[in-house]
Amino acid sequence: MAKTNVGIVDCAVYENGSTYFGIANITLPTLTAKTLTVTGLGVAGDVDFAVPGHKSAMRVTIAFRDAPEDSRRIVAHGQHILDCRVARENYDGTNGKYIITSHKYILKVAPLTETLGTVAPASQQGASDEFACLSYEEYIDDRLVRRYDPINNVDIDYNGNDSLADVRSALGQ
């Protein structure tokens, strides 16, 4: 039997790998390809082609159950580096063992929206922040598996292919 992904056991969010932000949920960015539409004589209708390495603007949302002081510092103007660490449980049916794998997301972000939540007795504040995501890196057991950095023209997919390597070369970068 193959390895089965069971789910997330726990996660933590840090700024610069050291400042812990407390209990939070993160909505990771959506990577949507920019497209060029080809239409005209010889084409029956329209065909969309993904432009290599070009994506729509990415957003990241962090929802806090409360609003700890350290979490409020990340809404200061400028770039912030978020380090999101995740422990995932997997089940190996071949040997009947549970295995924990480390997943890490490094997000360079800039604040866009600060939602302070609701203050009421016997409740959680529910603060949240939305950020422009300037770059995205994903690691599994400390191995880079995905990197998208539009500012530096880097788009490494899950197969290790950089769709912008030829573009950087053509531009003399």
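In which strand is Asp 129 found? In this predicted model, Asp 129 is found in strand β9. The residue is buried, at a relative accessible area of 1%. Leaving aside residues up to four places away in sequence, Asp 129 touches Val 60, Thr 61, Ile 62 and Phe 64. Its contacts also include Ser 71, Arg 72, Ile 74 and Val 75. Thr 113, Glu 114 and Thr 115 complete the list.

Ile 62 leads from Asp 129 to the nonpolar interior. Beyond four places in sequence, Ile 62 touches Ala 24, Asn 25 and Ile 26. Ile 74 and Leu 82 are also among the contacts of Ile 62. The remaining partners of Ile 62 are Ala 127, Ser 128, Asp 129 and Phe 131. The largest nonpolar core has 18 residues. Ile 62, Ile 74, Leu 82 and Leu 107 have the most contacts inside this core. Four elements give two or more residues to it: β6 (58-64), β7 (80-92), β8 (97-115) and β9. The most comes from β6, which gives four residues.

Charged pairs were examined next. Seven salt bridges are found in a search of the whole structure. One of them joins the side chains of Arg 147 and Glu 137, at 3.6 Å from N to O. Arg 147 lies in strand β10 (residues 143-149), whereas Glu 137 lies in strand β9 (residues 128-140). The pair therefore ties together parts that are ten residues apart in sequence. Arg 147 counts as partly exposed, because its relative accessibility is 23% and the buried class ends at 20%. Glu 137, with a relative accessible area of 17%, is buried.

Arg 147 also forms a salt bridge with Asp 149. Here the closest N and O atoms are 3.2 Å apart. Asp 149 counts as buried, at 5% relative accessibility. Elsewhere, salt bridges that share partners join Lys 55, Arg 146 and Asp 155 into one network. A further salt bridge links Asp 162 and Arg 168, with the closest N and O atoms 2.7 Å apart. Arg 168 has a relative accessibility of 19% and counts as buried.

These local features sit within a chain whose secondary structure comes to two helices and eleven strands. From the N terminus on, the elements run β-β-β-β-β-β-α-β-β-β-β-β-α. The radius of gyration of the chain is 20 Å. For 173 residues the globule rule gives 16 Å, and the value for the chain is well over this, so the chain is more spread out than a compact globule. Along the principal axes, the C-alpha atoms fill a box of roughly 65 × 50 × 35 Å.

Burial and contact order were taken over the whole chain. Of its 173 residues, 29% count as buried. The chain exposes about 10600 Å². Carbon and sulfur atoms supply 52% of that area. Among contacts between residues at least 6 apart in sequence, 57% join residues at least 24 apart.

Definitions and conventions:
Residues numbered from 1 in each chain as written. Predicted model: local features only at pLDDT ≥ 70, side-chain atom pairs only at ≥ 80, totals over all residues. Heavy atoms only, no water. Salt bridge = Lys/Arg side-chain N within 4 Å of Asp/Glu carboxyl O. Buried < 20%, exposed > 50% of the residue type's maximum accessible area, 1.4 Å probe, protein only. Contact = heavy atoms within 4.5 Å. Core = buried A, V, L, I, M, F, W, Y, C linked by side-chain atoms within 4.5 Å. Rg over C-alpha atoms; globule rule 2.2 N^0.38 Å. Areas by Shrake-Rupley, 256 points an atom, 1.4 Å probe, with all protein chains shown as cover.
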